[in-house]
Structures are given as structure tokens and as C-alpha cells.
Amino acid sequence: MTQTLEQPRHAAGEPRRKPVRRWPHRMVPILLILLGVLVIIYPIIATEYNNYRQQEFARKYLTQVNETDPNTRNEDLERARTYNATLPHQAL
């Protein structure tokens, strides 16, 4: 008696098909790659954003200094020198 290996057939007599993979199974690797790319480029984006904010702060500060009356600026500088002279001199 010879046995032949046949494809299993279901009720209709057709060979069984592989189950159709749904889209979430295909999306997982794509999402993982996208997440990896985002993790890698985050420091670059954060640095650029911080540099932009720092430049804005420097521009505002420079504008404020330039708009300050020179007499007021000199008075503030003299008060700062007087205050610094009253501090104890300590070596670090």
C-alpha cells in the first residue's frame, strides 16, 4: 500500500490557504523603524531648537541693553562694582 502526501483539504475540497496577514503585522516593523529614526534625530532637533531660543534671548537682551540710557547703565555698573568690593575675597 502506497501512501501519497496530499495537501489537506477543507470541506469544499479546496486546499487550505495560508491565513491572510492583517495590516498590523506589517506595520509593526515600519513603526519600529520610524521610532528608531525619531530617537536618533531627537538630539539634533532639540539642539537646533535650543540654539534658536538662545539666539532670540540674546537678541532681546542686546536690544534692551542698547535701549537703556547710558547714564543709567553707568550707575548700575558703579553699584555693581561697589557691591563686588564689599564681598569677602575667598579662594575657591
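## Close-up views of a two-helix chain

**View 1. A nonpolar patch on the surface.** Trp23, Met27, Ile30, Leu31, Ile33, Leu34, Val37, Leu38, Ile40, Ile41, Ile44 and Ile45 make up a nonpolar patch on the surface, and together they offer about 1200 Å² of accessible area. To join such a patch, residues need over 30% relative accessible area and no salt bridge, with nonpolar side chains (Val, Leu, Ile, Met, Phe, Trp, Tyr) joined within 5 Å and like charges within 9 Å. One of the members, Leu38, sits in helix α1, which covers residues 23–67. At 47% relative accessibility, Leu38 counts as partly exposed; the cut-offs are under 20% for buried, over 50% for exposed and in between for partly exposed (1.4 Å probe, protein chains only).

**View 2. The whole chain.** This is a predicted model, where local features need pLDDT of at least 70, side-chain atom pairs count only at pLDDT 80 or more, and totals for chains, interfaces and linings use all residues. Residues are numbered from 1 along each chain as its sequence is written, and side-chain values use heavy atoms, leaving out hydrogens and water. The protein chain has two helices and zero strands (DSSP runs, H or I of at least four residues for helices and E of at least two for strands, numbered from the N terminus). Just 1% of its 92 residues count as buried. The chain exposes about 9700 Å², with 60% of that coming from carbon and sulfur atoms (Shrake-Rupley method, 1.4 Å probe; for residues, only the protein chains shown count as cover).

**View 3. The stretch listed by UniProt.** An unreviewed UniProt entry lists residues 27–45 as "transmembrane region"; positions follow the numbering used here, feature names are shortened, and annotations may be inferred rather than shown by experiment. In this model, residues 27–45 are 100% helix and 0% strand, and the C-alpha atoms at the two ends lie 25 Å apart.

**View 4. A salt bridge in helix α1.** Searching the whole structure turns up two salt bridges (a side-chain nitrogen of Lys or Arg within 4 Å of a carboxyl oxygen of Asp or Glu). Here Glu56 pairs with Arg59, at 2.3 Å from N to O. The two are three residues apart in helix α1, so about one helical turn separates them. Glu56 is partly exposed at 26% relative accessible area, and Arg59 is partly exposed too, at 45%.

**View 5. A salt bridge in helix α2.** Asp76 and Arg79 meet through their side chains at 2.1 Å, N to O. Both belong to helix α2, three residues apart, or about one turn of the helix. Asp76 is partly exposed at 35% relative accessibility, whereas Arg79 is exposed, with 52%.

**View 6. Thr86 in helix α2.** Thr86 lies in helix α2, which takes in residues 70–86. Its side chain reaches the backbone oxygen of Tyr83 at 2.6 Å. With a relative accessible area of 58%, Thr86 is exposed.

Note on methods. A polar contact is a pair of N or O atoms within 3.5 Å; within protein, one must be able to donate a hydrogen and the other to accept it, and residues adjacent in sequence count only if both atoms are side-chain atoms.
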